[in-house]
Amino acid sequence: MTGRGESNLTAEATGFRSRMVGGLRKEDAGRKERLSGWVHRRRDLGGLLFVDLRDRSGLVQISFGPEWTEAESLSLAHRLGSEDVVVVEGEVELRPNDARNPELPSGDVELRVHRLELLNSARTPQIPVYRGPDEDLPAEELRLRHRHLDLRRRELQENLRLRHELILETRNYFGNLGFLEIETPILTKTTPEGARDYLVPSRVHPGEFFALPQSPQIYKQILMTAGYDRYLQIARCFRDEDLRADRQPEFTQIDLEAAFVEPDDIFRWIEGLMAELGKVAQIQAAPPFRRLTHAEAMDRFGSDRPDLRWSLEISDWSDAFGTADSRILQSAVETGGRIRGFLIRGGGELSRKEVEALESVARAAGAPGLLWAKRTGEGGSGPLSRWLGEEEWEASGARSGDLLLVAAGSDRVTSPALSAVRGAVIEAMALPQERSDAWLWVLDFPLFEEHEGRIHPGHHPFVLPHPEDLSRLNDDPLSVRSLAYDLVYNGSELGSGSIRIHDAGMQRAIFRALGMGDQEIARKFGFLLEALESGAPPHGGIALGVDRLVKDFLNAASLRDVIAFPKTTAARALFEGAPSTVGSEELRELHIELRAAPVGVRTP
């Protein structure tokens, strides 16, 4: 086993083993060892038998032969099956030069077994743990159903070990900064955090429910009012929302809060943490990280979490193209929209089919379409080219062989479309990365968002409005920025945080702007307001997703590859069979009665 955690492979000896198998090296030749583990693979050569013995530290070859193995143990060795659990005693020997395995850190040695004991025999595994170099993994659903076997794979064990080491480093890092690790309740009160709560019925309080926390947000703010000015928690959180590859109904976050801080303090701490975690994960994280406001990120990249490994940016051609003889372009500007897009150097080499695929990407992201033009030596080709004269071509900066991709309309429609097109162009053109690890802070998010005519929090309702925008809070709330910030790594949001409201009057004003009446405010948040009124210091924090952080550091395909027991995209745990039905007696104790949904009504 190489890389992370190699110093831990010796482990403390126990009654069943003197060390872990992956730590054996050529320097150990001549030593007597007692090893335990699983039979990973066996090769029976008649008189000689070779077995790869596995534990979570790695593999080592053990050998059985009539010259050095007890007769009873040799007989037993020939009957071993895949995944049997064994303990062996023997002597470490150097393998012949032509038999060494450079793929294994322990490949220079083998254990010549004197004595073998079978601790437990295994039935034929439902999915293979050992795979040949050309064998594919079983289907994911099958692997999740037999997760106890899937977790024996070296890849998953490496992933989970990295997860452990990152969390350990995080605790040490913040401990050295004076943070206290404090647990907050799991059974709590429902609050608006942007997703549905998981509800837990109370048996002793009929008709009342606890909620599983979407985050420890309110509790950590209350800790600030109580004087615990630097808080940390590796927190379990729960959200009842539709799943994707980067979402799970239960997840873990590095949750921190501190009093008497400004955004720069949070940035400095988190950048230092990422530098330390980067050393563990062998990625680059060199502070200070780049910063963009939310408005800049959307304007230049169409996304509030742009992947800056590539510098391809959106251009604004509203002035240059807005007077062209095209109602599509003119109306976009006249109705308050813009004409934006990409100048793709050398993009003229893309075939019409490839350009049409980019159009499909834009439509799938919500745009009505995508205009394009290729510049040639004598003019251009493509639908957009009919409206471009020499003046427009010059304004675009296009040279012969270049490609223009244009979306016209409101930013709300064109920004997500152009962001999707940007990713598709990078893939279609196989554009080389300009950096392997791109870190970014996105700042000054909108305080509010509008959905279906109603105002909602941009992040959550406890974010402090930007001091420069307070005068517009009542008259133009959608223009108000917040002191909220996101940490982005290679186009993935790793964490989100903000400076919080510490004044009870300001907090009430935000609740009212969200349409809450005084009674609703008192019922839902009276305890928070009482804490703020007791003398709350300025405070702020951030929460970093552990699952996503590990996934992105490993460039894994899914969060399910870095979680021991994940849920499927249908929010089911296939291994243990959850969720499951509950007996009528248990339901009665919880004062719950199940009723069939009316015909034609879909249950949530």
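**View 1. The second largest cavity of the predicted model, with its lining residues**. In this predicted model, the second largest cavity has a volume of about 60 Å³. Its lining is made up of Leu 144, Arg 147, Phe 565, Pro 566, Ala 573, Leu 574, Phe 575 and Glu 576, a set that divides by class into six nonpolar residues and two charged ones, with no polar residue. Arg 147 of this lining also belongs to a network of salt bridges that links it with Arg 131, Arg 143, Asp 150, Arg 153 and Glu 155.

**View 2. The largest cavity and the residues around its centre**. Three cavities of 30 Å³ or more are counted in the model, and the largest of them encloses about 130 Å³ of space. It is lined by 16 residues, of which Thr 188, Lys 189, Thr 191, Ser 215 and Tyr 219 are the closest to its centre. By class, this lining comprises seven nonpolar, six polar and three charged residues, and its largest share, three residues, is contributed by helix H5 (residues 217–225).

**View 3. Helix H5 and the elements packed against it**. Seven of the nine residues of H5 are buried, so the helix is largely enclosed by the rest of the structure. These buried residues are Gln 217, Ile 218, Lys 220, Gln 221, Leu 223, Met 224 and Thr 225, and they pack against strand S9 (230–238), strand S10 (250–259), helix H14 (518–533) and strand S22 (539–545). The helix is followed by Gly 227, whose phi is positive, near 95 degrees.

**View 4. The salt bridge between Arg 17 and Asp 55**. Among the 55 salt bridges of the structure is the one in which the side chains of Arg 17 and Asp 55 meet at 3.7 Å, N to O. Arg 17 lies in the segment before strand S1 (32–44), whereas Asp 55 lies in strand S2 (residues 49–55), so the pair ties together parts that are 38 residues apart in sequence. Arg 17 is partly exposed, with a relative accessible area of 24%, while Asp 55 is buried, with a relative accessible area of 3%.

**View 5. Salt bridges within helices H2 and H4**. In helix H2 (residues 140–145), Glu 141 and Arg 145 are four residues apart and therefore separated by about one helical turn; their side chains meet in a salt bridge of 3.5 Å, N to O, and Arg 145 is partly exposed, with a relative accessible area of 37%. In helix H4 (residues 154–176), Glu 165 and Arg 161 are likewise four residues apart, about one helical turn, and their side chains form a salt bridge of 4.0 Å, N to O, with both residues buried.

Definitions and conventions:
Residues are numbered from 1 along each chain as its sequence is written. This is a predicted model: local features need pLDDT of at least 70, side-chain atom pairs count only at pLDDT 80 or more; totals for chains, interfaces and linings use all residues. Side-chain values use heavy atoms; hydrogens and water are left out. On a 1 Å grid over the protein atoms alone, a cavity is a set of points where a 1.4 Å probe fits but cannot get out, and a pocket is an open set with protein on both sides within 12 Å along at least five of seven lines; lining residues have an atom within 4 Å of a point. Grid points are joined across faces, edges and corners, and a volume is the space filled by probe spheres set on the points. Helices (H or I, at least four residues) and strands (E, at least two) are DSSP runs, numbered from the N terminus. Ala, Val, Leu, Ile, Met, Phe, Trp, Tyr, Cys and Pro count as nonpolar, Asp, Glu, Lys and Arg as charged, and the others, Gly among them, as polar. Buried means under 20% relative accessible area, exposed over 50%, partly exposed in between (1.4 Å probe, protein chains only). Contact means heavy atoms within 4.5 Å.
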